[in-house]
Amino acid sequence: MSGSSKIPSSEITPEETFLNRRFFMKSAIWAGSSVATAGLYRAFAPRPEVASVGSVITSVAEPAVQSVLAADEKINSFGEIAGYNNYYEFSTDKSEVADKARNFVTNPWAVEVGGLVQSPRTFDLEELLKMESVERTYRFRCVEGWSMVIPWVGFPLAKLLAKVQPMSQATHVAFETYYDLKQMPDAGSAGIDLPYVEGLRLDEAMHPLTLMATGLYGKTLPNQNGAPIRLVVPWKYGFKSIKSVVKITLTDKEPPTTWNLANPREYGFYSNVNPTVDHPRWSQARERRIGESGTRETFMFNGYAEQVASLYAGMDLRTHF
Ligand code: MTE
């Protein structure tokens, strides 16, 4: 399980620059804050920059907010994050996704947001990339038992939903990935129903940790990681973080989700990271951090219990797995 990247070195984000800047920001923030707990920290003068990863060049706003939510853990390298992927539309082989998604056209792009909302709208990529962005370093835990620490760039989904004004009857949010056999010729043998669909409860979707990611390592999102825009829900197993989103629908029912449709006994709607509820075929108590040997403990809600446990107060997490 090591990340083998097929991305030419010319396209690899200067990680050292990113990490130095991050270290600088972190030090400055910590120096200026007497209560330096994990949370959101305001950084300095946002400045737009032009970034290029993959086949398109787009403008990614310099993140306005820096947060460190896996503060004491080493961030995975760009090569690990962009070279070890689950994106079944392109390949079921993690090391092949980057290469097979290389020519995926992600510009122009549009995301249709509708359903139970006052003002349904289609957002084009340019508008989405102009949303005030944040930088969030989150743990990412796959249901298969591996994990990474990823420095995302994006914006809270709540900000997008606010623009369409959900109606009071809306209880859930459904998401759909782009699907085109011409661009995804291997998708027919993915072994799952496509287009890939996912869903959240509305309060989960509105939670400030829930992001629509448009980049990582301060650059445009690589195709294999779900360009140009994907969901990131850090307290849930990675398959909830649906890639290359084209449609978001507010609804009054729990929406169908791809892995739950494929195997409801193994993959629930909630899929919150929970070390005490095993997958029917393996334990979820520990995880293997990509790039490390051995395993480490898996945390309840992937370490974000303080922020999200209240969403599930009174629920039996064994039945609502
Ligand atoms: N989204 C789509 N459309 N297709 C997929 O196959 N795989 C999911 C999720 N989102 C997947 C998807 C799974 S199983 C995981 S673990 C994460 O994407 C992987 O994200 P990464 O490749 O950026 O690490």
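**Exercise 1. Find the loop that holds P195, then check which peptide bond there is cis.**

Start with the location: P195 falls in the loop that runs between β9 (172-177) and β10 (197-201). Keep in mind that we're working with a predicted model. Next, look at the bond leading into this proline: L194 and P195 are joined by a cis peptide bond, with omega at about 5°.

**Exercise 2. Do the workup for P228, and then for Q165.**

Take P228 first. You'll find P228 in the loop between β12 (219-220) and β13 (230-232). The bond from A227 to P228 is cis too, and its omega is near 0°.

Now move to Q165, which sits in the loop between α5 (157-164) and β9. Here the thing to check is phi: for Q165 it is near 55°, a positive value in a residue other than glycine.

**Exercise 3. Which pocket does the ligand sit in, and what lines that pocket?**

Step one: the ligand sits in the largest pocket. Step two: get the volume, and you have about 430 Å³ of space in the largest pocket. Step three: list the lining, which comes to 28 residues, with N86, Y87, Y196, G238 and F239 the closest to the centre. Step four: sort the lining by type, giving 18 nonpolar, six polar and four charged residues. Last, ask which element gives the largest share of that lining: strand β8 (residues 146-156), with four residues.

**Exercise 4. Describe the shell around the ligand and pick out polar contacts.**

Count the neighbours: 17 residues surround the ligand, and Y88, E89, T177, S241 and K243 are the closest. By type, the shell splits into eight nonpolar, six polar and three charged residues.

For polar contacts, the cut-off is a pair of N or O atoms within 3.5 Å. Try these three:

- Y88: a backbone N or O atom is 2.7 Å from an oxygen atom of the ligand.
- R230: an N or O atom of the side chain is 3.0 Å from a ligand oxygen atom.
- N86: a backbone N or O atom is 3.2 Å from a nitrogen atom of the ligand.

To finish, work out the cover: on its own the ligand has 530 Å² of accessible area, and the protein covers 98% of that.

**Exercise 5. Characterise the second largest pocket.**

Begin with the volume of the second largest pocket, about 220 Å³. Then turn to the lining: 19 residues, with Y237, E266, V277, D278 and F321 nearest the centre. Sorted by type, the lining of the second largest pocket has eight nonpolar, seven polar and four charged residues.

Definitions and conventions: Residues are numbered from 1 along each chain as its sequence is written. This is a predicted model: local features need pLDDT of at least 70, side-chain atom pairs count only at pLDDT 80 or more; totals for chains, interfaces and linings use all residues. Side-chain values use heavy atoms; hydrogens and water are left out. A residue is near a molecule or strand if one of its heavy atoms lies within 4 Å of it. A polar contact is a pair of N or O atoms within 3.5 Å; within protein, one must be able to donate a hydrogen and the other to accept it, and residues adjacent in sequence count only if both atoms are side-chain atoms. Accessible areas come from the Shrake-Rupley method with a 1.4 Å probe; for residues, only the protein chains shown count as cover. On a 1 Å grid over the protein atoms alone, a cavity is a set of points where a 1.4 Å probe fits but cannot get out, and a pocket is an open set with protein on both sides within 12 Å along at least five of seven lines; lining residues have an atom within 4 Å of a point. A molecule sits in a cavity or pocket if more than half of its atoms lie within 2 Å of its grid points. Ala, Val, Leu, Ile, Met, Phe, Trp, Tyr, Cys and Pro count as nonpolar, Asp, Glu, Lys and Arg as charged, and the others, Gly among them, as polar. Grid points are joined across faces, edges and corners, and a volume is the space filled by probe spheres set on the points. Helices (H or I, at least four residues) and strands (E, at least two) are DSSP runs, numbered from the N terminus.
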